[in-house]
Amino acid sequence: MSAHDSPVPSPFAGLGRGLDRAVTRGMNTVTGGAIAPYQSAIVRIGFSLTWLLFLLREFPHRVELYGPDAPWSWDLAKQLVAGNHAFTVLLWTDSRAWFEIVYAFAIVASVMLLLGWRTRTASVLFMIGVLSLQNRSIFEGDGGDNVIHLMAIYLVFTRCGKVWSLDRRLAVRRAAKTADVARAADLGKATEAGADPVGIALWTVFGVALLAASLAGKLSTGWSLLFWAFWLIQAVWWAVRRVAPGEPHTVLDIIADIVHNGAMLVIVVEVCLIYSTAGWYKIQGGAWQDGTALYYPLHLDDFSPWPALSHTLAGNDLAVMLITYGTVIVQVAFPFTLFNRRVKNVLLVAMMLEHASIAIVLGLPFFSLAMIAADAVFLPTGFLVWTADRLLRRLRPGGGRPAAVVHEQRAAGPEPDAAGPEQVRPAGPADPAVGPPQTDAVT
């Protein structure tokens with residue numbers, strides 16, 4: 001047989017092996033740990049800070065926005081919620097005292113989540129605060145409020161306290177204390193080091209409150225099942241950590257990582273949908289097509305905190321046209337740039353600068369903060385770690401140089417839960433203020 005008669009190799013040769021390798025890598029990525037710990041932390045900090053600042057700024061006007069004096073009356077809100085089954089504890093009673101308690105509760109929950117103290121519990125409380133206020137007066141919000149609404153739900157399913165949290169710092173300290181006690185072979189002190197009366201007290205108080213709300217018929221069937229599921233999961237997590245810290249705890253930790261990874265994927269997809277739908281809808285508008293869309297809001301008194309600046313910008317036809325077209329281009333193109341890091345990072349900076357400009361020129365600071373917090377999920381890990389390191393150096397000038405840590409994308413240790421900080425799996429030295437050592441490539 002001549003060389004020309006030899007069989008031609010199939011172009012599909014090795015396709016099966018390549019597919020197997022890709023599936024294996026994907027499974028290892030999904031189940032090997034919580035991905036993007038720094039991104040989830042910055043999203044947690046960004047949204048809790050945005051909501052906290054909003055609550056504090058509107059504190060003098062809280063009664064007119066969400067309380068008994070709101071234009072959207074308690075009876076109208078009650079009728080609407082009866083139809084759409086939205087969750088809000090503010091409609092349990094029209095008492096002024098109850099409203100003040102809920103508003104203060106929302107502020108406290110925001111501070112807890114911002115600091116990362118009892119992060120799992122804080123995320124649920126933060127969601128309750130956001131939904132309760134926003135669903136009480138649905139016509140008071142804007143696009144930024146809608147984003148906070150969604151992210152408050154998604155954050156419940158993330159392990160966003162792995163880094164840059166009080167939980168992380170307390171977990172490292174407790175792990176060190178437990179290790180010292182174990183080396184001294186003092187079992188009595190070891191048990192004491194793992195105790196967590198604060199976590200148990202929180203778990204008990206919220207269990208009693210949930211039971212009272214359920215018995216009083218204040219919760220719908222769906223919300224009741226959801227909150228009881230959260231409460232029982234915490235109970236199981238705490239019991240397994242205390243009684244069976246070996247393989248059962250590892251299995252629960254893997255499940256929690258999978259849920260976290262799925263929630264982070266949902267957040268990424270949500271942000272992409274926000275920009276892509278906004279961009280494509282803009283394309284259909286005549287004012288966006290002819291490049292004059294920015295001109296009109298610059299002449300509205302409600303969106304002109306600095307009239308001289310707004311009128312100067314509106315008077316520059318070239319600037320109005322470039323910003324109008326640039327906004328559409330960036331929003332439509334951004335989801336497609338996720339496949340190229342460099343282009344993605346350039347457009348990410350452009351979008352953040354755009355939102356910062358909206359905050360200043362149009363007077364929408366909380367909308368801009370919410371969108372910047374959402375954009376932060378795409379920030380590179382190296383940049384986040386470098387920024388945190390610089391901030392720490394400025395905050396503690398006499399504290400010395402922090403220990404060198406190789407920072408990458410996947411966290412090695414578990415997140416502390418609401419019933420108390422978990423023992424940290426040994427993975428090498430780390431600065432508790434920065435976070436755990438990492439094991440994966442930076443995205």
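Select Ser-368 first: in this predicted model, Ser-368 touches His-355, Ile-358 and Ala-359, leaving aside residues up to four places away in sequence. Ser-368 belongs to helix 17, which spans residues 365–375. Its relative accessible area is 2%, so Ser-368 counts as buried.

Next, select Phe-47, Trp-51 and Phe-227. Within the largest nonpolar core, which has 71 residues, these three touch the most other members. Helix 6 (residues 119–136) supplies the largest share of this core, with nine residues. To see the surroundings of Phe-47, display its contacts beyond four places in sequence: Phe-126, Val-147, Ile-148, Met-151, Ala-370, Ala-373 and Ala-374. A second core, separate from this one, has seven residues, among them Leu-294, Leu-298, Ala-314 and Leu-362.

Proceed to the salt bridges, of which the whole structure holds six. Begin with Arg-159 and Asp-257, whose side chains meet at 2.7 Å, N to O. This pair links distant parts of the chain, 98 residues apart: Arg-159 is in the loop between helix 7 (143–155) and helix 8 (166–183), while Asp-257 is in helix 12 (residues 247–283). Both Arg-159 and Asp-257 are buried.

Now select Arg-96 and Glu-100. Their side chains form a salt bridge at 2.8 Å, N to O. Both residues lie in helix 5 (residues 96–115), four residues apart, or about one turn of the helix. Arg-96 has a relative accessible area of 41% and is therefore partly exposed; Glu-100, at 23%, is also partly exposed. Add Arg-62 to the selection, and a network of salt bridges linking Arg-62, Arg-96 and Glu-100 comes into view.

Arg-57 and Glu-58 offer a further salt bridge, at 2.4 Å, N to O. How accessible is Arg-57? Its relative accessibility is 45%, so Arg-57 counts as partly exposed. Glu-58, by contrast, counts as buried because its relative accessibility is 9%.

Turn then to the cysteines. Cys-160 has a relative accessible area of 0% and is therefore buried. Cys-272 is buried as well, with a relative accessible area of 11%. The structure holds zero disulfides.

Conclude on the surface, by selecting Leu-318, Met-321, Leu-322, Tyr-325 and Ile-329. These residues form a nonpolar patch, and together they have about 470 Å² of accessible area. Within the patch, select Tyr-325, which lies in helix 15 (residues 317–333). Tyr-325 counts as partly exposed because its relative accessibility is 31%.

Key. Residues numbered from 1 in each chain as written. Predicted model: local features only at pLDDT ≥ 70, side-chain atom pairs only at ≥ 80, totals over all residues. Heavy atoms only, no water. Patch = residues over 30% accessible without salt bridge, like charges linked within 9 Å, V, L, I, M, F, W, Y side chains within 5 Å. Areas by Shrake-Rupley, 256 points an atom, 1.4 Å probe, with all protein chains shown as cover. Salt bridge = Lys/Arg side-chain N within 4 Å of Asp/Glu carboxyl O. Helix = DSSP H or I, 4+ residues; strand = E, 2+ residues; numbered from the N terminus. Buried < 20%, exposed > 50% of the residue type's maximum accessible area, 1.4 Å probe, protein only. Core = buried A, V, L, I, M, F, W, Y, C linked by side-chain atoms within 4.5 Å. Contact = heavy atoms within 4.5 Å. Disulfide = S-S within 2.5 Å.
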